[in-house]
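The exercises below are meant to be worked with the sequence and the coordinates open side by side. Each task is followed by a solution that proceeds step by step.

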Amino acid sequence: MTFTAPAATATAVTVEKIGGRIGAVISGVRLGGDLDEATVAAIRAAALEHKVVFFRDQHHLDAESHEAFGRLLGEPVAHPTVPSADGRYAFPIDNEHGGRANQWHTDVTFVPAYPAFSILRAEVIPPYGGNTLWSNTAAAYAHLPEPLRVLADSLRGVHTNDYDYAATRPDASAAALERHLTVFTAIKFQTEHPVVRVHPETGERTLILGNFVQKLSGFNGRDSRALIDVLQSHIERPENTIRWQWRAGDVAIWDNRATQHYGADDSDAHERTLRRVTIDGDVPVGVDGRRSVLLAPESVPEPAHGIASGASTDGVVAQA
Ligand SMILES: [Fe+2]
């Protein structure tokens with residue numbers, strides 16, 4: 001489909017679907033903080049519809065203009081535990097920072113109001129490998145057998161950043177493990193989310209699972225793991241996913257409330273550097289109207305820089 005912005009200076013924004021259930025490439029846009037309203041609205045609508053949208057050749061972007069563009073989609077937020085090195089929101093994801101996220105996850109689900117959108121920009125791309133995969137968690141839910149959908153609607157899951165990193169990443173270096181323990185889990189968060197949330201913009205039902213989910217409330221460990229595995233396996237079905245082969249200058253924007261993603265760790269020791277700006281989200285609401293609850297700590301602390309992802313908890317505090 002084509003959106004044509006009304007302003008005289010606006011360019012035609014073209015949205016080309018590349019997967020049956022997820023993914024589109026947007027062309028005709030030079031991303032930045034100066035985009036007109038109609039173009040921003042078209043980008044937002046495409047991200048909501050296709051869950052992840054890709055832009056090629058955005059070489060002009062730097063940390064500042066990346067962030068300025070992000071502000072057109074919402075409020076940029078800092079990571080709740082990983083400090084920003086340069087006082088900007090553009091969060092580095094590279095080899096050095098152990099940023100190869102080769103586990104299916106939704107960003108920052110260990111806090112209640114986890115980000116609404118993530119905007120990832122490729123700076124240095126390896127000669128092979130290092131692709132990212134995304135899954136549509138609304139499609140995964142919609143294609144569940146009906147009895148499983150009914151079950152999922154009633155479940156709540158506890159998410160934490162304090163998961164067993166060494167067990168899930170047996171190849172991690174000692175430095176990456178140390179960083180995980182001292183930086184990533186400097187504050188140990190636990191948040192209970194509904195397994196199915198009602199998307200605040202589209203009204204779709206989406207699954208909240210992924211790498212940070214620790215257990216299902218009210219189930220023992222074995223039952224929790226079995227049920228999580230069944231639901232997660234539907235998220236990972238190839239029909240629900242798209243795989244992107246990065247080039248330097250690419251930008252991906254995904255609806256973090258309706259996706260999971262996975263960074264394939266198959267580019268050996270080659271450098272891979274991407275920058276992520278995340279946009280504030282709101283507290284999820286389940287099918288029954290119950291909101292997510294922060295279990296620990298008592299509130300999401302202010303980071304050294306800006307406001308934390310998940311800080312907008314609107315008085316949602318620790319409950320027993
Ligand atoms: Fe991620």
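**Exercise 1. Determine how strand β3 is joined to β4, and describe the surroundings of β4.**

Solution. In this predicted model, strand β3 (residues 24–27) runs parallel to β4, and 2 bridges join them. Within this pairing, the residue that stands opposite Phe54 of β4 is Val25. As a general background, side chains in a regular strand alternate between the two faces of the sheet. In β4, Val52 and Phe54 point one way while Val53 and Phe55 point the other way, and all of them are buried. For Phe54 the relative accessibility is 0%, so this residue falls under the 20% limit for buried residues.

**Exercise 2. Classify the ring pair of Phe54 and Trp134, and state which parts of the chain the pair ties together.**

Solution. The structure holds 7 aromatic pairs. In the pair of Phe54 and Trp134 the ring centres are 5.3 Å apart and the planes stand at 70 degrees; because an angle over 60 degrees counts as edge-to-face, the pair is assigned to that class. Phe54 belongs to strand β4 (residues 52–55) and Trp134 to strand β8 (residues 132–136), so the contact ties together parts that are 80 residues apart in sequence. Trp134, with a relative accessible area of 0%, is buried. Ring pairs extend the grouping, linking Phe54, Trp134, Trp244, Trp246 and Trp254 into a cluster.

**Exercise 3. Identify the protein donors of the iron ion and work out their spacing along the chain.**

Solution. The protein donors are His105 (NE2), Asp107 (OD) and His261 (NE2), which lie 2.1 to 2.2 Å from the iron ion. Along the chain, these donors follow the spacing H-x1-D-x153-H. Asp107 is located in the loop between β6 (91–94) and β7 (117–124), whereas His261 sits in strand β16 (residues 259–263), so this pair ties together parts that are 154 residues apart in sequence. Both Asp107 and His261 are buried.

**Exercise 4. Establish the strand order in the open sheet of 4 strands, and find which strands stand at its edges.**

Solution. The order is β13-β9-β10-β18, with antiparallel pairing. At the edges stand β13 (213–216) and β18 (293–296), each of which has a single partner strand, so one side of each is left without a neighbour in the sheet. On average, and with direction ignored, neighbouring strands of this sheet are turned by 30 degrees against each other. Strand β10 (residues 190–194) is joined to β18 by 3 bridges, the two running antiparallel, and Thr191 stands opposite Leu294 in β18. In the segment after β18 lies Pro297, and the peptide bond leading to it from Ala296 is cis, with omega near -10 degrees.

**Exercise 5. Are Lys51 and Asp268, which have a positive phi, buried or exposed?**

Solution. Most residues other than glycine have a negative phi, which is the background for this step. Lys51 has a positive phi of about 75 degrees although it is not a glycine, and its place is the loop between α1 (37–50) and β4. With a relative accessibility of 2%, Lys51 counts as buried. Asp268, also not a glycine, has a positive phi of about 50 degrees and is found in the loop between β16 and β17 (273–279). At 52% relative accessibility Asp268 counts as exposed, because the limit for that class is over 50%.

Note on methods: Residues numbered from 1 in each chain as written. Heavy atoms only, no water. Donors = N, O, S within 2.8 Å, 3.2 Å for Na, K, Ca; no water. Buried < 20%, exposed > 50% of the residue type's maximum accessible area, 1.4 Å probe, protein only. Pairing = 2+ DSSP bridges. Axes fitted to C-alpha atoms, helices over the stretch in contact; angles between N-to-C directions. Phe/Tyr/Trp six-rings, centres within 6.5 Å; stacked < 30°, edge-to-face > 60°.
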